[in-house]
Amino acid sequence: MENNTILSLPRIGEKAPAFKAVTTQGEINFPEQYSGNWVILFSHPADFTPVCTSEFMTFASMEEQFEKANCKLVGLSVDGLYSHIAWLRTIKEKIEYKGMKNIEVKFPLIEDITMEVAKKYGMIQPGESNTKAVRAVFIIDPKGIVRAMIYYPLSLGRNFDELYRALIALKTSDEFGVATPADWRPGDDVIISPAGSCAAAKNRMDGKESGLECKDWFFCTKKIAKEEVLKKVIKQ
Ligand code: BEZ
């Protein structure tokens with residue numbers, strides 16, 4: 001393994017690295033076949049491990065929620081296809097966890113025994129493991145552009161509510177041309193872009209632009225009703 005391959009990382013704002021792969025749902029051509037959809041590509045360290053099992057059950061139980069936000073899920077580990085199939089069958093038939101049971105993982109899970117995809121996406125981080133992917137998450141938009149990346153170590157299970165929150169926040173930014181502040185959720189005030197001139201900033205500070213609330217010249221918010229956000233970003 002060459003170091004520069006291991007260390008290659010996608011970048012926010014650039015095209016998601018392309019690949020073809022075998023999955024539990026047949027072959028995929030990524031990200032091309034997801035054009036027009038948001039997609040979350042995520043890796044897990046290994047099949048038949050407890051943290052990963054808790055994550056898959058949680059994510060699979062939220063799949064419909066992501067689907068309504070026009071977002072597909074795609075998993076990956078460096079295990080082979082038959083391991084994936086056996087693990088997902090075990091989850092469905094045997095595992096009960098936090099009130100979830102009989103959970104069927106319907107989204108594709110990529111086999112990546114050569115680590116080709118994992119290396120392209122910076123999922124192999126040798127300080128953590130040479131043989132397992134870390135818990136990586138890429139939120140990719142309908143044009144195939146990487147919009148957010150999150151990396152967690154092997155021991156730390158992810159927060160899937162946060163992934164959903166991040167997806168909805170990105171969609172809201174795109175739809176309304178705004179930014180979203182810390183811990184934003186639909187219905188909370190959003191942040192508008194800085195004024196284009198000193199005069200415009202002064203107008204804002206003087207309350208002359210209606211609908212805005214300015215904490216200072218560089219920090220102005222406005223309200224967007226929760227229903228208005230949800231109408232735009234979730235299939236009704
Ligand atoms: C787990 O999913 O439980 C796990 C996987 C790899 C290393 C440590 C934990």
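1. Strands β1 and β2 make a hairpin, with two residues between them. The model is a predicted one. Strand β1 covers residues 19–23 and strand β2 residues 26–30, and their antiparallel pairing runs over five bridges. Within this pairing, valine 22 lies opposite glutamate 27 of β2.

2. The domain assignment splits the protein into domain 1, residues 19–158, and domain 2, residues 177–233. Taken over C-alpha atoms, the centres of domain 1 and domain 2 are 35 Å apart.

3. Valine 105 sits in the loop between α4 (81–94) and β5 (109–111). Is this residue buried or exposed? Valine 105 has 8% relative accessibility and therefore counts as buried, the cut-off for buried being under 20%. Setting aside neighbours within four places in sequence, valine 105 is in contact with Gln25, Phe56, Ala60 and Leu88. As for lysine 143, it is 38 residues from valine 105 in sequence, and the C-alpha to C-alpha separation is 26 Å.

4. Asparagine 70 is another loop residue to look at, placed between α3 (63–68) and β4 (71–77). Which residues does asparagine 70 contact, leaving aside its neighbours within four places in sequence? The contacts are Gly36, Asn37, Trp38, Lys171 and Lys235. Asparagine 70 and valine 229 are 159 residues apart in sequence, with 14 Å between their C-alpha atoms.

5. Three strands form an open sheet in the order β8-β10-β9, and the pairing is antiparallel. The edges are β8 (190–191) and β9, each of which pairs on one side only. Between β9 and β10 there are four bridges, in the antiparallel sense. One bridge joins glutamate 213 to threonine 221, the latter in β10.

6. Phenylalanine 218 is in the loop between β9 (212–216) and β10 (219–222). Phenylalanine 218 counts as exposed because its relative accessibility is 54%, and exposed means over 50%. Phe218 also belongs to a nonpolar surface patch, together with Met205, Trp217 and Phe219. What accessible area do Met205, Trp217, Phe218 and Phe219 have together? The figure is about 450 Å².

7. To put the two loop valine and phenylalanine cases side by side: valine 105 counts as buried at 8% relative accessibility, whereas phenylalanine 218 counts as exposed at 54%. A reader checking the model could view valine 105 with its contacts, including Phe56 and Leu88, and then phenylalanine 218 within the nonpolar patch.

Methods. Residues are numbered from 1 along each chain as its sequence is written. This is a predicted model: local features need pLDDT of at least 70, side-chain atom pairs count only at pLDDT 80 or more; totals for chains, interfaces and linings use all residues. Side-chain values use heavy atoms; hydrogens and water are left out. Two strands pair if DSSP finds at least two bridges between them. Patches are made of residues with over 30% relative accessible area and no salt bridge: like charges are joined within 9 Å, nonpolar side chains (Val, Leu, Ile, Met, Phe, Trp, Tyr) within 5 Å. Accessible areas come from the Shrake-Rupley method with a 1.4 Å probe; for residues, only the protein chains shown count as cover. A salt bridge is a side-chain nitrogen of Lys or Arg within 4 Å of a carboxyl oxygen of Asp or Glu. Buried means under 20% relative accessible area, exposed over 50%, partly exposed in between (1.4 Å probe, protein chains only). Domain bounds come from an automatic or database domain assignment. Contact means heavy atoms within 4.5 Å.
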